[in-house]
Amino acid sequence: MEEMDRELRDITLSDLRSPLFFAWHMTNKCNLRCIHCLWESGPDASWPGELVEAEALLVCRQLIDFQIPYVAFSGGEPLLHPAFWPVCELLAEKGIEVKIESNGQLVDDDTAKRLASLNLRSIQISIDGTTQDAYSKMRPGAQLAQALEAVTKLVKRGVSTEIVYVPAKFNFYEAEKLIDLAVELKVKAFYTGKTMFIGRAVKNWDLLGLEEEENEKLSRLLEKKAAEYQDKMTILYYPYSVTDELNYRLKHPAASLLLMANGKVKLIGSMPFVCGDVRKHNLTEIWQRYIKAWAHPEVIEYANSTLETPALLAGANDFVELHL
Ligand SMILES: C[S@@+](CC[C@H](N)C(=O)[O-])C[C@H]1O[C@@H](n2cnc3c(N)ncnc32)[C@H](O)[C@@H]1O
């Protein structure tokens with residue numbers, strides 16, 4: 001056993017022929033324009049050259065050939081991408097585990113039924129408060145009742161459903177009530193963590209950014225609720241800031257790729273660096289380029305500099321091609 005543990009610990013990215021996890025930012029278009037959105041998504045924010053269905057299906061075929069175990073779709077609102085259903089249906093049919101991140105605003109009965117047929121690993125619905133006031137401060141124009149309805153419809157159909165809550169100054173005191181509500185709704189998991197200082201969140205930090213002691217208070221609350229609900233729901237608090245995570249990843253890159261809607265592959269969402277392009281490179285090439293890119297001097301310099309100058313993260317959503 002010890003020997004096996006040691007061997008597992010000693011595995012490096014170069015020992016893998018492909019990633020273990022594939023994060024797919026399907027479209028930057030969204031029906032909402034959330035004030036904290038790390039990608040600055042919105043109704044008019046789709047990028048030029050987003051992948052069309054035939055291109056997206058080509059990517060899927062590679063994921064299937066390489067037997068990538070787990071693919072998570074986000075955005076923007078992934079349900080808005082014209083190829084959302086064919087892509088998810090193909091992956092699900094081939095036994096790849098699929099997770100979807102959604103705001104739930106577009107999940108009616110028919111959509112819930114179709115999502116249930118995908119036999120998803122999970123669907124995550126974002127709910128940032130228990131009052132319409134706090135919820136729509138984060139997500140202007142969105143209806144809390146509709147997001148809750150989406151959760152109810154999915155749970156009723158047996159879909160493994162999670163709630164993600166992003167804390168802000170105006171919804172901080174609703175966290176405990178939201179966890180209780182999540183248990184009532186019979187969701188599988190409740191996730192939260194430090195709000196990321198990227199994208200639109202940078203501009204709205206005065207409304208969003210919690211003091212360190214508030215973050216600690218939230219973390220303690222989650223610990224308490226996790227103990228209270230241990231038999232009913234998984235409760236997790238992700239305690240790392242963007243810069244903590246970035247600097248950890250510099251030493252321990254994840255065995256994952258992040259495909260952006262325009263076909264570019266980024267190292268991580270908090271850096272602008274692009275290591276590949278599905279229109280130019282196949283998955284094997286992209287994987288090799290990804291491994292190489294983490295040791296690139298520009299990447300190391302950027303990650304280290306964000307520790308002293310977090311304002312650099314304002315450029316995270318640019319696309320900077322690395323010479324590899
Ligand atoms: C980018 S959204 C995309 C999927 C979908 N449109 C939604 O709203 O859930 C995915 C998740 O990221 C969260 N998110 C967005 N900006 C964030 C930030 N600055 N810090 C932490 N989480 C953020 C959202 O609240 C949501 O739970």
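The following paragraphs lead through the structure, from its sheet to its helices, its ligand shell and a few single residues. This is a predicted model, in which local features need pLDDT of at least 70 and side-chain atom pairs count only at pLDDT 80 or more, while totals for chains, interfaces and linings use all residues. Residues are numbered from 1 along each chain as its sequence is written.

The description begins with the sheet. Helices (H or I, at least four residues) and strands (E, at least two) are DSSP runs, numbered from the N terminus. Two strands pair if DSSP finds at least two bridges between them. The model holds an open sheet of 11 strands with mixed pairing, in the order E7-E6-E5-E4-E3-E2-E1-E8-E9-E10-E11. Strands E7 and E11 (320–321) stand at the edges with a single partner strand each, so one side of each is left without a neighbour in the sheet.

At the E7 edge, strand E6 (residues 189–193) runs parallel to E7, and five bridges join them. Within this pairing, alanine 189 has threonine 234 of E7 as its bridge partner. In a regular strand the side chains alternate between the two faces of the sheet. Strand E7 (residues 234–238) shows such an alternation: Ile235 and Tyr237 point to one face and are buried, whereas Thr234, Leu236 and Tyr238 point to the other face and are not buried. Here a residue is buried if 20 or more other C-beta atoms lie within 10 Å of its own, exposed if 12 or fewer, and partly exposed in between, with C-beta atoms placed from the backbone.

Further along the order, strand E1 is joined to strand E8 (residues 256–259) by four bridges, and the two run parallel. Phenylalanine 22 has leucine 257 in E8 as its bridge partner. Strand E9 (residues 264–266) then pairs with E10 in the antiparallel sense over three bridges, and lysine 264 stands opposite aspartate 277 in E10. E9 and E10 form a hairpin, with six residues between them. Strand E10 (residues 273–277) is mostly covered, since four of its five residues are buried. On to the other edge, two bridges join E10 to E11, and these strands run parallel; phenylalanine 273 stands opposite valine 320 in E11.

The helices come next. Two packed helices are described by the angle between their axes and the distance between the axes. Axes are lines fitted to C-alpha atoms, for helices over the stretch in contact, and angles run from 0 to 180 degrees between N-to-C directions. The axes of helix H2 (residues 53–65) and helix H3 (residues 84–93) come within 10 Å and cross at roughly 15°. This makes H2 roughly parallel to H3, a term for angles under 35 degrees, whereas those over 145 count as roughly antiparallel, 65 to 115 as roughly perpendicular and the rest as oblique. The crossing of H2 and H3 is right-handed; a crossing is right-handed if the near helix is turned clockwise from the far one by less than a right angle, and left-handed if anticlockwise. For helix H7 (residues 175–184) and helix H10 (residues 212–228), the axes come within 11 Å and cross at roughly 30°. H7 is therefore roughly parallel to H10, and their crossing is also right-handed.

A ligand shell is the next feature. A residue is near a molecule if its C-beta atom, placed from the backbone, lies within 6 Å of it. Of the 18 residues around the ligand, Leu38, Asn103, Ser126, Met196 and Ala201 come nearest. Strands E2 (70–75) and E3 (97–102) each supply at least two residues of this shell. The shell residues divide into nine nonpolar, seven polar and two charged. In this count Ala, Val, Leu, Ile, Met, Phe, Trp, Tyr, Cys and Pro are nonpolar, Asp, Glu, Lys and Arg are charged, and the others, Gly among them, are polar.

Some single residues complete the account. Glutamate 40, in the loop between strand E1 (21–27) and H2, has a positive phi of about 60° although it is not a glycine. Glutamate 40 is partly exposed, with 17 other C-beta atoms within 10 Å. Asparagine 119, in the loop between helix H4 (109–116) and strand E4 (122–126), has a positive phi of about 50° and is likewise not a glycine. Glutamate 308 lies in helix H13 (residues 297–308) and is exposed, with 9 other C-beta atoms within 10 Å.
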